Amino acid sequence: MWIRNAWYIAGWASEVSSDHLLARTFLGEPVIMYRAENGSVAALEDRCCHRHAPLSKGRLEGDAVRCMYHGLKFDPSGQCIEIPGETNVPANYRVRGYPLTEKQNLLWIWMGDTDLADPSDIVDWPYLDDEAWRFTEGYLHYQASYLLGIDNFLDFSHLPYVHEHTIGTDAFAQNRPATERTDYGMHIRNIATNDPPSAHFKKFGGFRGLVDRWNIYNFHTRGNLLLMDSGAAPVGEGGHEGERKNACEFRHLSAMTPETETTSHYHFGHARNFGLDVDGLDQGVHDTIVNAFEEDRDIIDAQQRIISGGGTAPMLPIAADAALLHIRREIDNIVAKEQQLRTAAE
Ligand code: FES
Ligand SMILES: [Fe+2]
(Lines give C-alpha, C1' and ligand atoms only; values in the text may rest on other atoms or scores of the structure.)
(Ligands and ions follow the chains in the order given, each with its own letter.)
Protein backbone atom coordinates (compact mmCIF):
# COMPACT_ATOMS: atom_id res chain seq x y z
CA MET A 1 0.00 0.00 0.00
CA TRP A 2 1.59 3.21 -1.17
CA ILE A 3 0.98 6.45 -3.02
CA ARG A 4 1.75 5.99 -6.71
CA ASN A 5 1.56 9.55 -8.00
CA ALA A 6 4.66 11.00 -6.36
CA TRP A 7 8.31 11.64 -7.13
CA TYR A 8 10.31 9.12 -5.13
CA ILE A 9 14.04 9.13 -4.64
CA ALA A 10 15.46 6.32 -6.77
CA GLY A 11 19.14 6.76 -5.95
CA TRP A 12 22.06 9.12 -6.05
CA ALA A 13 22.93 10.57 -9.45
CA SER A 14 26.45 9.17 -9.05
CA GLU A 15 25.06 5.63 -9.09
CA VAL A 16 23.99 5.67 -12.74
CA SER A 17 26.39 5.70 -15.65
CA SER A 18 26.46 4.87 -19.34
CA ASP A 19 28.43 1.66 -18.77
CA HIS A 20 26.12 -0.35 -16.56
CA LEU A 21 22.48 -1.06 -15.78
CA LEU A 22 21.41 -0.37 -12.20
CA ALA A 23 18.58 -2.69 -11.14
CA ARG A 24 16.30 -1.68 -8.28
CA THR A 25 12.69 -2.40 -7.32
CA PHE A 26 10.32 0.45 -6.51
CA LEU A 27 6.70 0.05 -5.38
CA GLY A 28 6.94 -3.65 -6.18
CA GLU A 29 8.03 -3.09 -9.79
CA PRO A 30 11.51 -4.10 -11.02
CA VAL A 31 13.28 -1.23 -12.81
CA ILE A 32 16.62 -0.63 -14.53
CA MET A 33 18.27 2.78 -14.64
CA TYR A 34 21.15 4.03 -16.75
CA ARG A 35 22.62 7.13 -18.33
CA ALA A 36 22.26 7.70 -22.07
CA GLU A 37 25.22 8.97 -24.10
CA ASN A 38 23.96 12.57 -23.95
CA GLY A 39 24.06 12.38 -20.14
CA SER A 40 20.31 12.13 -19.60
CA VAL A 41 18.99 9.39 -17.31
CA ALA A 42 16.51 6.67 -18.23
CA ALA A 43 14.44 4.13 -16.30
CA LEU A 44 12.77 1.09 -17.85
CA GLU A 45 10.74 -1.82 -16.61
CA ASP A 46 13.17 -4.68 -15.85
CA ARG A 47 11.10 -7.21 -17.76
CA CYS A 48 11.56 -7.91 -21.45
CA CYS A 49 8.28 -7.82 -23.40
CA HIS A 50 9.21 -11.08 -25.18
CA ARG A 51 9.59 -13.81 -22.54
CA HIS A 52 9.95 -11.63 -19.45
CA ALA A 53 13.68 -12.11 -18.93
CA PRO A 54 15.17 -9.29 -16.85
CA LEU A 55 16.74 -6.54 -18.92
CA SER A 56 19.18 -6.05 -16.06
CA LYS A 57 20.89 -9.16 -17.41
CA GLY A 58 21.13 -7.42 -20.76
CA ARG A 59 23.74 -5.04 -22.11
CA LEU A 60 23.90 -1.37 -22.96
CA GLU A 61 24.54 -0.61 -26.62
CA GLY A 62 24.93 3.13 -26.83
CA ASP A 63 21.59 4.54 -25.70
CA ALA A 64 19.76 1.25 -26.13
CA VAL A 65 19.41 -1.87 -23.98
CA ARG A 66 19.62 -5.29 -25.54
CA CYS A 67 17.94 -8.22 -23.81
CA MET A 68 20.53 -10.98 -23.61
CA TYR A 69 18.06 -13.81 -23.91
CA HIS A 70 16.90 -13.53 -27.55
CA GLY A 71 18.33 -10.13 -28.41
CA LEU A 72 15.40 -7.70 -28.57
CA LYS A 73 16.69 -4.16 -28.31
CA PHE A 74 14.95 -1.19 -26.62
CA ASP A 75 15.49 2.56 -26.83
CA PRO A 76 15.53 4.80 -23.69
CA SER A 77 11.75 5.31 -23.94
CA GLY A 78 11.20 1.53 -23.80
CA GLN A 79 10.24 1.12 -27.47
CA CYS A 80 11.57 -2.07 -29.07
CA ILE A 81 13.74 -1.05 -32.02
CA GLU A 82 15.12 -4.40 -33.14
CA ILE A 83 14.01 -8.03 -33.22
CA PRO A 84 16.89 -10.17 -34.52
CA GLY A 85 15.95 -11.97 -37.74
CA GLU A 86 12.82 -9.84 -38.32
CA THR A 87 12.43 -6.71 -40.38
CA ASN A 88 9.33 -5.41 -38.71
CA VAL A 89 8.98 -4.28 -35.08
CA PRO A 90 5.33 -3.88 -34.02
CA ALA A 91 4.65 -0.56 -32.23
CA ASN A 92 3.22 -2.33 -29.20
CA TYR A 93 6.47 -4.19 -28.59
CA ARG A 94 7.79 -2.09 -25.78
CA VAL A 95 8.57 -2.10 -22.09
CA ARG A 96 7.33 0.55 -19.73
CA GLY A 97 9.51 3.64 -19.42
CA TYR A 98 9.33 5.61 -16.18
CA PRO A 99 9.93 9.37 -15.85
CA LEU A 100 13.32 9.75 -14.17
CA THR A 101 14.80 13.16 -13.35
CA GLU A 102 18.17 14.17 -11.97
CA LYS A 103 18.05 17.07 -9.53
CA GLN A 104 20.50 18.24 -6.87
CA ASN A 105 22.57 15.06 -7.10
CA LEU A 106 19.56 12.82 -6.63
CA LEU A 107 17.50 10.67 -9.01
CA TRP A 108 13.73 11.06 -8.74
CA ILE A 109 11.40 8.48 -10.27
CA TRP A 110 7.67 8.64 -10.99
CA MET A 111 5.99 5.23 -10.77
CA GLY A 112 2.40 6.47 -11.16
CA ASP A 113 0.31 7.85 -14.01
CA THR A 114 2.87 9.22 -16.47
CA ASP A 115 0.55 12.03 -17.61
CA LEU A 116 0.69 13.49 -14.11
CA ALA A 117 4.48 13.53 -13.81
CA ASP A 118 5.69 17.12 -13.60
CA PRO A 119 9.39 17.55 -12.69
CA SER A 120 8.66 21.05 -11.38
CA ASP A 121 6.86 19.33 -8.47
CA ILE A 122 10.15 17.86 -7.20
CA VAL A 123 11.14 19.56 -3.95
CA ASP A 124 14.03 21.97 -3.86
CA TRP A 125 16.83 21.10 -1.41
CA PRO A 126 19.76 23.28 -2.46
CA TYR A 127 22.11 22.10 0.30
CA LEU A 128 22.92 19.05 -1.81
CA ASP A 129 24.15 21.30 -4.61
CA ASP A 130 25.68 24.40 -3.03
CA GLU A 131 29.38 25.22 -2.61
CA ALA A 132 28.77 26.66 0.86
CA TRP A 133 27.59 23.24 2.06
CA ARG A 134 29.17 19.82 1.99
CA PHE A 135 27.11 16.66 2.08
CA THR A 136 27.76 12.95 1.89
CA GLU A 137 25.55 10.41 0.20
CA GLY A 138 23.92 7.81 2.41
CA TYR A 139 21.88 4.69 1.73
CA LEU A 140 20.56 1.85 3.88
CA HIS A 141 18.32 -1.00 2.83
CA TYR A 142 15.48 -1.80 5.25
CA GLN A 143 13.85 -5.17 5.78
CA ALA A 144 10.77 -3.22 6.84
CA SER A 145 7.85 -1.31 5.38
CA TYR A 146 8.47 2.34 4.51
CA LEU A 147 5.54 3.10 6.83
CA LEU A 148 7.56 2.01 9.86
CA GLY A 149 10.43 4.14 8.57
CA ILE A 150 8.36 7.31 8.29
CA ASP A 151 6.80 6.68 11.71
CA ASN A 152 10.36 7.14 12.92
CA PHE A 153 10.82 10.38 10.92
CA LEU A 154 7.69 11.81 12.51
CA ASP A 155 8.41 11.02 16.14
CA PHE A 156 11.75 11.94 17.69
CA SER A 157 10.70 10.73 21.15
CA HIS A 158 12.75 7.64 20.27
CA LEU A 159 16.03 9.59 20.32
CA PRO A 160 17.03 9.03 23.99
CA TYR A 161 16.39 5.29 23.69
CA VAL A 162 17.39 4.24 20.18
CA HIS A 163 20.20 6.81 19.98
CA GLU A 164 21.28 6.87 23.62
CA HIS A 165 24.99 7.08 22.72
CA THR A 166 24.85 9.00 19.43
CA ILE A 167 22.29 11.75 18.80
CA GLY A 168 19.77 11.37 21.63
CA THR A 169 19.18 13.34 24.82
CA ASP A 170 16.34 12.95 27.34
CA ALA A 171 14.64 16.19 26.29
CA PHE A 172 13.35 14.56 23.12
CA ALA A 173 11.17 12.15 25.09
CA GLN A 174 9.96 14.84 27.51
CA ASN A 175 9.22 17.75 25.14
CA ARG A 176 6.24 17.78 22.82
CA PRO A 177 7.21 19.17 19.42
CA ALA A 178 5.05 21.86 17.79
CA THR A 179 3.34 20.29 14.79
CA GLU A 180 1.43 21.98 12.03
CA ARG A 181 -0.54 20.22 9.31
CA THR A 182 0.28 21.61 5.87
CA ASP A 183 -0.79 20.99 2.29
CA TYR A 184 2.35 18.91 1.69
CA GLY A 185 2.22 17.00 4.99
CA MET A 186 3.58 18.27 8.29
CA HIS A 187 5.84 20.99 9.67
CA ILE A 188 7.51 20.01 12.94
CA ARG A 189 9.54 22.12 15.36
CA ASN A 190 11.39 20.12 17.92
CA ILE A 191 13.27 22.50 20.23
CA ALA A 192 15.28 21.58 23.34
CA THR A 193 16.68 24.38 25.49
CA ASN A 194 19.31 24.16 28.23
CA ASP A 195 20.07 20.66 27.12
CA PRO A 196 23.31 18.68 27.45
CA PRO A 197 24.88 18.30 24.00
CA SER A 198 24.48 14.85 22.45
CA ALA A 199 27.62 12.87 21.61
CA HIS A 200 27.20 14.06 18.01
CA PHE A 201 27.20 17.75 18.94
CA LYS A 202 30.03 17.32 21.44
CA LYS A 203 32.13 15.81 18.70
CA PHE A 204 31.33 18.18 15.83
CA GLY A 205 30.31 21.36 17.65
CA GLY A 206 32.91 21.08 20.40
CA PHE A 207 30.23 21.96 22.98
CA ARG A 208 31.03 21.28 26.63
CA GLY A 209 28.31 23.33 28.35
CA LEU A 210 24.56 23.25 27.87
CA VAL A 211 23.13 24.04 24.44
CA ASP A 212 19.89 25.01 22.78
CA ARG A 213 19.13 22.50 20.10
CA TRP A 214 16.67 22.38 17.23
CA ASN A 215 15.29 19.98 14.68
CA ILE A 216 12.93 21.95 12.47
CA TYR A 217 11.62 20.01 9.54
CA ASN A 218 9.06 19.50 6.84
CA PHE A 219 7.69 16.08 6.08
CA HIS A 220 6.33 15.61 2.56
CA THR A 221 3.72 12.87 2.37
CA ARG A 222 4.25 12.39 -1.36
CA GLY A 223 7.71 10.88 -1.61
CA ASN A 224 8.13 10.28 2.16
CA LEU A 225 10.68 13.07 2.47
CA LEU A 226 12.05 14.72 5.57
CA LEU A 227 13.88 18.03 5.00
CA MET A 228 15.45 19.38 8.16
CA ASP A 229 17.31 22.32 9.66
CA SER A 230 19.13 20.79 12.62
CA GLY A 231 21.65 22.30 14.99
CA ALA A 232 22.82 23.39 18.39
CA ALA A 233 24.15 26.66 19.81
CA PRO A 234 25.44 27.71 23.23
CA VAL A 235 22.64 28.63 25.63
CA GLY A 236 21.83 32.33 25.58
CA GLU A 237 22.57 32.91 21.90
CA GLY A 238 18.99 32.58 20.82
CA GLY A 239 19.21 29.02 19.55
CA HIS A 240 17.88 28.65 16.01
CA GLU A 241 16.59 32.22 16.07
CA GLY A 242 19.96 33.69 17.00
CA GLU A 243 22.77 34.69 14.68
CA ARG A 244 24.11 31.15 14.75
CA LYS A 245 27.68 32.51 14.91
CA ASN A 246 28.79 29.76 17.30
CA ALA A 247 26.20 27.27 16.20
CA CYS A 248 26.90 23.86 14.71
CA GLU A 249 24.31 23.29 12.01
CA PHE A 250 23.33 20.71 9.48
CA ARG A 251 20.78 20.46 6.72
CA HIS A 252 19.40 16.99 6.37
CA LEU A 253 17.37 15.03 3.85
CA SER A 254 15.93 11.61 4.61
CA ALA A 255 13.66 9.69 2.26
CA MET A 256 11.92 6.33 2.36
CA THR A 257 11.05 4.78 -0.99
CA PRO A 258 8.97 1.60 -0.87
CA GLU A 259 10.67 -1.39 -2.46
CA THR A 260 8.10 -4.07 -1.57
CA GLU A 261 5.38 -4.21 1.08
CA THR A 262 7.99 -5.14 3.69
CA THR A 263 11.28 -3.72 2.36
CA SER A 264 12.42 -0.16 1.65
CA HIS A 265 15.16 2.05 0.31
CA TYR A 266 16.41 4.69 2.71
CA HIS A 267 18.42 7.56 1.21
CA PHE A 268 19.86 10.34 3.31
CA GLY A 269 22.12 13.33 2.76
CA HIS A 270 23.61 15.24 5.68
CA ALA A 271 25.06 18.64 4.77
CA ARG A 272 27.24 20.93 6.90
CA ASN A 273 28.58 24.45 6.41
CA PHE A 274 31.74 24.18 8.55
CA GLY A 275 35.14 22.54 8.19
CA LEU A 276 34.64 22.06 4.47
CA ASP A 277 38.38 21.61 3.94
CA VAL A 278 39.15 19.60 7.06
CA ASP A 279 40.65 16.26 6.11
CA GLY A 280 38.56 13.33 7.18
CA LEU A 281 35.60 15.40 8.39
CA ASP A 282 33.31 14.22 5.58
CA GLN A 283 33.94 10.63 6.60
CA GLY A 284 33.72 11.44 10.31
CA VAL A 285 30.31 13.09 10.01
CA HIS A 286 29.08 10.43 7.62
CA ASP A 287 30.15 7.53 9.86
CA THR A 288 28.48 9.08 12.90
CA ILE A 289 25.23 9.58 11.04
CA VAL A 290 25.32 6.10 9.56
CA ASN A 291 25.87 4.66 13.06
CA ALA A 292 22.80 6.50 14.30
CA PHE A 293 20.71 5.44 11.30
CA GLU A 294 21.77 1.83 11.70
CA GLU A 295 20.37 2.09 15.22
CA ASP A 296 17.01 3.10 13.71
CA ARG A 297 17.17 0.29 11.20
CA ASP A 298 17.96 -2.33 13.85
CA ILE A 299 14.87 -1.54 15.90
CA ILE A 300 12.59 -1.02 12.88
CA ASP A 301 13.64 -4.21 11.06
CA ALA A 302 13.08 -6.08 14.34
CA GLN A 303 9.67 -4.38 14.71
CA GLN A 304 8.76 -5.54 11.18
CA ARG A 305 9.72 -9.13 12.04
CA ILE A 306 7.34 -9.08 15.01
CA ILE A 307 4.53 -7.52 12.95
CA SER A 308 5.06 -10.01 10.11
CA GLY A 309 4.94 -12.83 12.67
CA GLY A 310 1.26 -12.15 13.16
CA GLY A 311 -0.86 -11.50 16.22
CA THR A 312 -4.12 -9.64 16.51
CA ALA A 313 -3.49 -7.13 19.28
CA PRO A 314 -3.93 -3.52 18.15
CA MET A 315 -1.13 -0.96 18.54
CA LEU A 316 -1.95 1.31 21.47
CA PRO A 317 -1.25 4.99 20.79
CA ILE A 318 0.64 7.47 22.99
CA ALA A 319 0.70 11.26 22.71
CA ALA A 320 3.99 11.21 20.77
CA ASP A 321 2.20 9.36 17.92
CA ALA A 322 0.05 12.35 16.90
CA ALA A 323 2.06 13.38 13.83
CA LEU A 324 2.62 9.87 12.51
CA LEU A 325 -1.03 8.91 12.96
CA HIS A 326 -2.09 12.00 11.00
CA ILE A 327 0.30 11.17 8.16
CA ARG A 328 -0.83 7.52 8.15
CA ARG A 329 -4.42 8.77 7.66
CA GLU A 330 -3.29 11.11 4.90
CA ILE A 331 -1.58 8.25 3.08
CA ASP A 332 -4.69 6.07 3.45
CA ASN A 333 -6.83 8.88 1.99
CA ILE A 334 -4.53 9.56 -0.98
CA VAL A 335 -4.16 5.84 -1.75
CA ALA A 336 -7.97 5.39 -1.62
CA LYS A 337 -8.47 8.33 -4.01
CA GLU A 338 -5.89 7.00 -6.44
CA GLN A 339 -7.60 3.62 -6.32
CA GLN A 340 -11.01 5.20 -7.05
CA LEU A 341 -9.60 7.06 -10.05
CA ARG A 342 -8.00 3.89 -11.40
CA THR A 343 -11.23 1.95 -10.97
CA ALA A 344 -13.21 4.72 -12.69
CA ALA A 345 -10.76 4.72 -15.62
CA GLU A 346 -11.02 0.92 -16.14
S1 FES B 1 13.10 -12.62 -23.26
FE2 FES B 1 14.04 -10.84 -23.99
S3 FES B 1 14.50 -11.28 -26.03
FE4 FES B 1 13.48 -13.04 -25.33
FE1 LIG C 1 16.22 7.86 14.74
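**Close-up views of a predicted model**

**View 1. Strand 3 and strand 4 pair in the antiparallel sense.** Five bridges connect strand 3 with strand 4, which covers residues 41-45. The structure shown is a predicted model. Within this pairing, Tyr-34 has Ala-42 in strand 4 as its bridge partner. The two strands form a hairpin with five residues between them, and Gly-39 in this hairpin adopts a positive phi near 95°.

**View 2. Strand 2 and strand 3 form a second antiparallel pair.** Strand 3, residues 29-35, is joined to strand 2 by five bridges. Arg-24 lies opposite Val-31 in strand 3, and Phe-26 lies opposite Glu-29 in strand 3. The hairpin made by strand 2 and strand 3 has two residues between the strands, and Leu-27 in the turn shows a positive phi of about 50°.

**View 3. Four strands are arranged as an open sheet.** The order of the strands is 2-3-4-9, with antiparallel pairing. The edges of the sheet are strand 2 (22-26) and strand 9 (97-98), each of which pairs on one side only. Five of the seven residues of strand 3 are buried, and this strand is therefore largely enclosed by the rest of the structure.

**View 4. Helix 1 is largely enclosed by the rest of the structure.** This helix comprises residues 146-153, and it is described as enclosed because eight of its eight residues are buried. The buried residues include Tyr-146 at the start of the list, together with Leu-147, Leu-148 and Gly-149. Ile-150, Asp-151, Asn-152 and Phe-153 of helix 1 are buried as well.

Note on methods:
Residues numbered from 1 in each chain as written. Chains lettered and ligands numbered in written order. Predicted model: local features only at pLDDT ≥ 70, side-chain atom pairs only at ≥ 80, totals over all residues. Pairing = 2+ DSSP bridges. Buried ≥ 20, exposed ≤ 12 C-beta atoms within 10 Å, placed from the backbone.
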